[in-house]
Amino acid sequence: MDSYVNYAIIETVHKRITQLDHLIISTSQRLYLPIARFAFFVIFFYFGFLKIVGLSPASPLAEALTTKTIGMEFFDILFFVLAIVECLIGILFLIPKATRIVIFLLFVHMTVVCSPLVLAPEHVWTSFLVPNLEGQYIIKNIALVAIAIGIAAHVTPLEKRRAKK
């Protein structure tokens, strides 16, 4: 009798854990896209806005990169364009139909903003493979790329969209 009771308790606990597991997974699946899109909006719009109003802590790094690559005479306009593009990326992530465009813009943007790791290493590394704060700021973009890939994975393929019409 005792083994039957123990077995029944174990089965009940297992069933409840399984139900909770399914609930967590289904809730995560339902919330992932809107939360990921909103997170991109906050990050990109906010950081872009800080650049526009002249309060970005990334300005010195951007100046160093511009000096090493195309020259400081282009800094003001390019930094402003970068800020506008960041705000645009943030806004476009809120629009599901703009996913293809915003993913492309994001990857172009990532190429530019990650380039100091190679093009201005003295500004992002304290020693071999030891990033300073700016370097850490750039390296965290790996997570943003991974999240963007997750968002892109939910886009309906073009041929399926045409078939529905």
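## Exercises on a predicted model

F47 touches V42, E86 and Y137, leaving aside residues up to four places away in sequence, where contact means heavy atoms within 4.5 Å. This is a predicted model, in which local features need pLDDT of at least 70 and side-chain atom pairs count only at pLDDT 80 or more, while totals for chains, interfaces and linings use all residues. Residues are numbered from 1 along each chain as its sequence is written, and side-chain values use heavy atoms, with hydrogens and water left out.

**Exercise 1.** Place F47 in the structure, and state how far F47 is from T126 in sequence and in space.

*Solution.* Begin with the helices and strands, which are DSSP runs (H or I, at least four residues, for helices; E, at least two, for strands) numbered from the N terminus. F47 is found in helix α1. Next, take the accessibility classes: buried means under 20% relative accessible area, exposed over 50%, and partly exposed in between, with a 1.4 Å probe and protein chains only. With a relative accessible area of 25%, F47 is partly exposed. Finally, F47 and T126 are 79 residues apart in sequence, and their C-alpha atoms are 24 Å apart in space.

**Exercise 2.** Check the length of helix α4 (residues 99–114), and work out where its buried residues lie.

*Solution.* The expected span of a helix is 1.5 Å times one less than its number of residues. For the 16 residues of α4 this should give 22 Å, and the end C-alpha atoms are 22 Å apart, which agrees. The buried residues of α4 are T99, V102, I103, L106, H109, M110 and V113. Seen down the helix axis, these buried residues fall within an arc of 125 degrees, so they line one face of α4; the arc is that of the directions from the helix axis to the C-beta atoms. The face turned away from this buried side carries the exposed residues I101, F104 and T111.

**Exercise 3.** Describe the largest nonpolar core, naming the residues that touch the most other members.

*Solution.* A nonpolar core is a set of buried Ala, Val, Leu, Ile, Met, Phe, Trp, Tyr and Cys residues joined through side-chain atoms within 4.5 Å. The largest core has 19 residues, of which F40, F44, F93, V102, L106, M110 and A148 touch the most other members. Helices α1 (2–52), α3 (75–93), α4 and α7 (141–152) each supply at least two residues of this core, and the largest share, six residues, comes from α3. As for F40, its contacts include F93, L106 and A148, not counting residues up to four places away in sequence.

**Exercise 4.** Find the salt bridges, and say which parts of the chain each pair links.

*Solution.* A salt bridge is a side-chain nitrogen of Lys or Arg within 4 Å of a carboxyl oxygen of Asp or Glu, and by this rule there are two. In one pair, E86 bridges to K51, the closest N and O atoms being 3.0 Å apart. Because E86 lies in helix α3 and K51 in helix α1, this pair ties together parts that are 35 residues apart in sequence; E86 and K51 are both buried. In the other pair, E122 bridges to K68, with the closest N and O atoms 3.0 Å apart. Here E122 is in the loop between α5 (116–119) and β1 (125–127), whereas K68 is in helix α2 (residues 59–68), 54 residues apart. E122 is partly exposed at 46% relative accessible area, and K68 is partly exposed at 44%.
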